[in-house]
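Colleague: I am new to this structure and would like a close look at a single part of it. Please take one helix and follow what surrounds it.

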Amino acid sequence: MSEIYNTTISGHGIMDVKSIEKGKKTMRLCTTLIAVRDMERSLKFYRDLFDQEVTLDLGWNKALTCGLALQEHFDELAGFPAETMKYHPNTMELYFETENFDDFLARLRKYSEVELLHEPKTFPWLQRGVRIYDPDGHLIEVSESMYSVACRLFQQGKSVQETAELIQHPLHAVEAWYEEYQSGVH
């Protein structure tokens, strides 16, 4: 008999995967760690653009409020030659959402040194987003939350069904967002 899994994110940014059938924890994703060459430069980037603060300082490793960990000297920690480290690989991205995308763009424009993969654009599901690189070439997407997209469509008079189709999300999710929107708890 196959097991059914329930995934939750705890208040500490730790993802727990629990087997519902057996009621025990089987695995958990604790954090995402990225290698950085200059900790102070990286901290400034994540503080200034993403309002992140250090929640745990272990010297070469610093955990941020979003659950991301920055690691200097990763080659030494992991035990491989430094010359094999690849920056700017475009093989993964960190994904952030904001309820106020325009404010983020205004903040981003103040940092001309930040490299953009592309200009802000609207994706086919009507979410606005931009992809940028951090100082070490890690790809980051910043987009408006899908809840914000749905609310914008509700304000335009779109029905729940129309909104679900336009943003390519399940009807039950859009119905829940509509209830929240109607209650004024945005």
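Modeller: Two strands are said to pair if DSSP finds at least two bridges between them. By that rule, strand E5 (residues 54-57) and strand E6 (residues 61-64) pair in the antiparallel sense, over three bridges. Bear in mind that this is a predicted model. One of the residues involved is Asp57, whose bridge partner in E6 is Lys62. The hairpin of E5 and E6 has three residues between the strands, and Gly59 there takes a positive phi near 80°.

The helix to look at is H1, which covers residues 39-50. H1 has twelve residues, and the distance from its first C-alpha to its last is 16 Å, close to the 16 Å expected at 1.5 Å a residue. Its N-terminal end is capped by Asp38, with a side-chain oxygen 3.2 Å from the backbone nitrogen of Glu40. Just after H1, Asp51 has a positive phi of about 55°.

Next, the side of the helix that is covered. Buried in H1 are Met39, Ser42, Leu43, Phe45, Tyr46, Leu49 and Phe50. Viewed down the axis of H1, these buried residues fall within an arc of 160°, so they line one face of the helix.

That leads to the nonpolar core. The largest one has 22 residues, and those with the most contacts inside it are Tyr46, Phe50, Leu70, Phe104, Ile132 and Ile140. Two or more residues come from each of H1, strand E7 (68-71), strand E8 (93-98), helix H3 (101-109), E10 and E11. H1 gives the largest share of this core, six residues. Ile140 shows how the helix meets other parts of the chain: among the residues in contact with Ile140 are Phe45, Tyr46 and Phe50, as well as Leu94, Phe96, Val130 and Ile132. Another core, of 13 residues, lies apart from this one and includes Tyr147, Val149, Ala150 and Ala164.

One more residue is worth following, His138. His138 sits in the loop between strand E10 (128-133) and strand E11 (139-144). The cut-off for buried is under 20% relative accessible area; His138 has 11% relative accessibility and therefore counts as buried. Its side chain reaches the backbone oxygen of Ala35 at 2.8 Å. Leaving out residues up to four places away in sequence, His138 touches Ile34, Ala35, Ile132 and Tyr133. Of these, Ile132 is also listed among the residues with the most contacts inside the largest nonpolar core.

Notes. Residues are numbered from 1 along each chain as its sequence is written. This is a predicted model: local features need pLDDT of at least 70, side-chain atom pairs count only at pLDDT 80 or more; totals for chains, interfaces and linings use all residues. Side-chain values use heavy atoms; hydrogens and water are left out. Helices (H or I, at least four residues) and strands (E, at least two) are DSSP runs, numbered from the N terminus. Buried means under 20% relative accessible area, exposed over 50%, partly exposed in between (1.4 Å probe, protein chains only). A polar contact is a pair of N or O atoms within 3.5 Å; within protein, one must be able to donate a hydrogen and the other to accept it, and residues adjacent in sequence count only if both atoms are side-chain atoms. Contact means heavy atoms within 4.5 Å. The expected span of a helix is 1.5 Å times one less than its number of residues. The arc is that of the directions from the helix axis to the C-beta atoms. A nonpolar core is a set of buried Ala, Val, Leu, Ile, Met, Phe, Trp, Tyr and Cys residues joined through side-chain atoms within 4.5 Å.
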